[in-house]
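User: Hey, got a few minutes to go through a model with me? I'd like the overall layout, then the insides.
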Amino acid sequence: MKLREPFTYFVDRSLGRGLVDTLVRLNPTRGNLRAQLEELIAEYNDGARNTEQFFKDLLAFMKNKVEPEEQRSSAEALSQEELALHELLLPPDLKLDAKEHEAVKQLARELPKKLAPKLVIDWRKSQRARAAVKVTIKRVLEALPRGTYSDEVYAKLVEAVYEHVDESTWGEGRSKYSDPAG
């Protein structure tokens with residue numbers, strides 16, 4: 001959404017949109033950040049907030065929502081790629097104990113390493129390479145806590161992770177995590 005003048009450049013480039021877009025690009029489960037920022041902008045554009053209130057709300061949004069999200073990778077001791085996988089493996093309605101949560105985190109660390117040899121250049125063009133990627137995902141995710149993850153949830157997660165890998169990686173070690181232009 002376009003922000004009414006004179007703040008378009010300031011908000012788009014300096015305060016938020018670029019950072020939020022980067023966070024969402026690296027981890028699609030963060031899409032709610034973009035929606036919240038767009039809502040703030042829409043309310044300002046509609047006149048529901050004056051300029052002073054808009055900037056207070058925008059700064060609070062950046063401090064309370066964006067900064068903590070930006071630091072979560074370090075806090076969880078996961079790379080951005082691993083954090084995205086970790087989030088995909090944690091459906092919102094699923095309750096895990098500490099041991100199960102740590103097991104899921106370990107799978108998120110392990111999966112990129114196991115997939116790396118399968119993600120050759122143009123891996124999407126070869127049915128054999130695509131199948132090898134999917135089989136690897138299935139094998140790694142078989143270690144999900146079975147008492148907590150039903151067969152239906154497991155199947156959905158395999159598909160979600162495969163889609164994420166398909167959208168995120170280009171092969172030969174290149175991905176949106178390794179390529180700044182991603």
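Analyst: Sure, here is a quick walk through the fold, the cores, the empty spaces and a few single residues. Keep in mind that this is a predicted model.

User: Start simple. How many helices and strands does the protein have?
Analyst: Eight helices and two strands. In sequence order the pattern reads α-α-α-α-α-α-α-α-β-β.

User: And what share of the residues is buried?
Analyst: Of the 182 residues, 41% count as buried. As for contacts with a separation of 6 or more, 62% of them join residues 24 or more positions apart.

User: OK, cores. Which residues touch the most other members in the largest nonpolar core?
Analyst: That core has 24 residues, and the ones touching the most other members are V133, I137, L141, L144, V161 and V165. Two or more residues come from each of helix 5, helix 6, helix 7 (127-141) and helix 8. Helix 8 gives the most, with six residues.

User: Anything else packed away elsewhere?
Analyst: Yes, there's a second, separate core of 14 residues, and V20, I41, M62 and V66 are among its members.

User: Back to L144 for a sec. What is L144 in contact with, leaving aside its neighbours within four places in sequence?
Analyst: V104, L107, Y149, Y154 and L157. Y149 also turns up in another spot: L94 touches Y149 as well as T148, again not counting residues up to four places away.

User: Where does L94 lie?
Analyst: In the loop between helix 5 and helix 6.

User: A loop leucine, then. Why does L94 count as buried?
Analyst: Because its relative accessible area is 18%, and the cut-off for buried is under 20%. Another handle on its place in the fold is V153, which is 59 residues away in sequence but has its C-alpha 9.7 Å from that of L94.

User: Let's do helix 5 itself. Which of its residues are buried?
Analyst: Helix 5 covers residues 80-88, and the buried ones are E82, L83, A84, L85, H86 and L88. They pack against helix 2 (17-26), helix 4 (51-75), helix 6 and helix 8 (151-168).

User: Q80 isn't in that list. What is Q80 in contact with, leaving aside its neighbours within four places in sequence?
Analyst: Q80 lies in helix 5 too, and its contacts are L26, R30, E70, S73 and Y177. With R30 there is a side-chain to side-chain polar contact at 3.2 Å. L26 is 54 residues from Q80 in sequence, with the two C-alphas 6.7 Å apart.

User: Switching topic: holes. How many cavities of 30 Å³ or more are there in the whole structure?
Analyst: One. The largest cavity holds about 50 Å³ of space.

User: What lines the largest cavity?
Analyst: E81, L85, L115, H164, V165, S168, T169 and Y177. Helix 5 and helix 8 are the elements that give two or more residues to that lining, and helix 8 gives the most, with three. By class the lining is four nonpolar, three polar and one charged.

User: S168 caught my eye there. Buried or exposed, and why?
Analyst: Buried, because S168 has a relative accessible area of 1%. S168 sits in helix 8, and a polar atom of its side chain lies 2.6 Å from the backbone oxygen of H164. H164 is another of the cavity-lining residues.

User: What does S168 touch, not counting residues up to four places away in sequence?
Analyst: S175, K176 and Y177. Y177 also lines the largest cavity and is among the contacts of Q80.

User: Last one: what about the largest pocket, and which residues line it?
Analyst: Its volume is about 160 Å³. The lining is made up of E81, P112, L115, A116, L119, T169, G171, E172, G173, R174 and S175. Helix 6 (98-115), strand 1 (169-171) and strand 2 (174-175) are the elements giving two or more residues.

User: And how does the lining of the largest pocket split by class?
Analyst: Four nonpolar, four polar and three charged. If you're colouring residues, E81, L115 and T169 belong to this pocket lining and also to the lining of the largest cavity.

Key:
Residues are numbered from 1 along each chain as its sequence is written. This is a predicted model: local features need pLDDT of at least 70, side-chain atom pairs count only at pLDDT 80 or more; totals for chains, interfaces and linings use all residues. Side-chain values use heavy atoms; hydrogens and water are left out. On a 1 Å grid over the protein atoms alone, a cavity is a set of points where a 1.4 Å probe fits but cannot get out, and a pocket is an open set with protein on both sides within 12 Å along at least five of seven lines; lining residues have an atom within 4 Å of a point. Grid points are joined across faces, edges and corners, and a volume is the space filled by probe spheres set on the points. Helices (H or I, at least four residues) and strands (E, at least two) are DSSP runs, numbered from the N terminus. Ala, Val, Leu, Ile, Met, Phe, Trp, Tyr, Cys and Pro count as nonpolar, Asp, Glu, Lys and Arg as charged, and the others, Gly among them, as polar. Buried means under 20% relative accessible area, exposed over 50%, partly exposed in between (1.4 Å probe, protein chains only). Contact means heavy atoms within 4.5 Å. A nonpolar core is a set of buried Ala, Val, Leu, Ile, Met, Phe, Trp, Tyr and Cys residues joined through side-chain atoms within 4.5 Å. A polar contact is a pair of N or O atoms within 3.5 Å; within protein, one must be able to donate a hydrogen and the other to accept it, and residues adjacent in sequence count only if both atoms are side-chain atoms.
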